[in-house]
Amino acid sequence: ILVREPTLFRWLTASAVLNTPLTRDELQVDIDHCAVMFGSVERRVDALRRLFRRQLLRIGMRDVLEIADITTVTAELSLLADLAIDAVVRWSWEQVREKEGEIPEIPFAVIGLGKLGGNELNYSSDIDLLFLYGDLPPDADAERVHAFFHSFGERIVQHLSRSTGEGHLFRVDMRLRPESGAGPLARSLASTLLYYESRGELWERQMLIKARPVGGDRPLGEAFVRSVQPFVYPRAFLEHP
């Protein structure tokens, strides 16, 4: 990063950033600034990639110089991912709605799994994600809503993983979702819970131990985590001969 942007050396050494932990409020202000400065989603995400690179350098230098311990480093890397994902979700919403047309106001949440879910992301980790949306109003066109959120999920993955002249943010892995690569990219909350109740496997119980909301509608994400607890920690296991 320093070879690419040597001016960042002055930012590192002439300010207090090396001795200051990364905070949610500070990072959110910087990300919101990306949205203010640029109108198009593509340019906003490029600005986010530059911000991501700069903060990755900061975290890495604090790690190399042993200013921050491993728990702090992985937590800051996870925080950086959380807010980047949430920004991409917010910025992609209007972009997809312009293409697909208006739909009812239905919440959408991104659940982090694996190392991201456990707040233990490392420098080379991919991010394991699960997409879900809220229950539909009685008069909603279920097929159209499902198509919208599938397109929305595709756009989020594209922005997070695509490489441009500013690099890329993350490799995104969606294979931990229900039915893995054969299942829809996004499901309703009810459909997701029904899947785990009727077809969930042991490895999925283990995988969901670390599940937590990382972007989008937080109440929906928290409702999912609460609702899936009986599956993750059942009162009894039934043995089949």
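Me: In which element does Phe148 lie?
Reply: This is a predicted model, in which local features need pLDDT of at least 70 and side-chain atom pairs count only at pLDDT 80 or more, while totals for chains, interfaces and linings use all residues. Residues are numbered from 1 along each chain as its sequence is written, and side-chain values use heavy atoms, without hydrogens and water. With helices (H or I, at least four residues) and strands (E, at least two) taken as DSSP runs numbered from the N terminus, Phe148 belongs to helix H6.

Me: Is Phe148 buried or exposed?
Reply: Buried means under 20% relative accessible area, exposed over 50%, and partly exposed in between (1.4 Å probe, protein chains only). The relative accessible area of Phe148 is 1%, so the residue is buried.

Me: Which residues, beyond neighbours within four places in sequence, are in contact with Phe148?
Reply: Contact requires heavy atoms within 4.5 Å. Once neighbours within four places in sequence are left aside, the partners of Phe148 are Trp93, Val96, Arg97, Glu100, Gly101 and Ile103.

Me: Which element gives the largest share of the largest nonpolar core?
Reply: A nonpolar core is a set of buried Ala, Val, Leu, Ile, Met, Phe, Trp, Tyr and Cys residues joined through side-chain atoms within 4.5 Å. The largest has 51 residues, and Leu129, Phe131 and Phe149 have the most contacts inside it. Two or more residues come from each of helix H2 (24-37), helix H3 (41-64), helix H4 (70-100), strand S1 (108-113), S2 and helix H6 (142-161). The largest share, 14 residues, is that of H4.

Me: Why do the buried residues of H7 lie on the same side of the helix?
Reply: In helix H7 (residues 189-199), Leu189, Thr192, Tyr195 and Tyr196 are buried, whereas Leu194, Glu197 and Ser198 are exposed on the other side. The buried residues pack against S2, S4, helix H8 (202-208), helix H9 (218-227) and helix H10 (229-232). They are on the same side of H7 because the arc they cover around the axis, taken from the directions to the C-beta atoms, is only 130 degrees.

Me: Which elements give two or more residues to the lining of the largest cavity?
Reply: A cavity is a set of points on a 1 Å grid over the protein atoms alone where a 1.4 Å probe fits but cannot get out, and lining residues have an atom within 4 Å of a point. The lining consists of Leu130, Phe131, Arg177, Pro178, Pro184, Leu185, Ala186, Arg187 and Thr192. The elements asked for are strand S2 (127-133) and strand S4 (186-188).

Methods. On a 1 Å grid over the protein atoms alone, a cavity is a set of points where a 1.4 Å probe fits but cannot get out, and a pocket is an open set with protein on both sides within 12 Å along at least five of seven lines; lining residues have an atom within 4 Å of a point.
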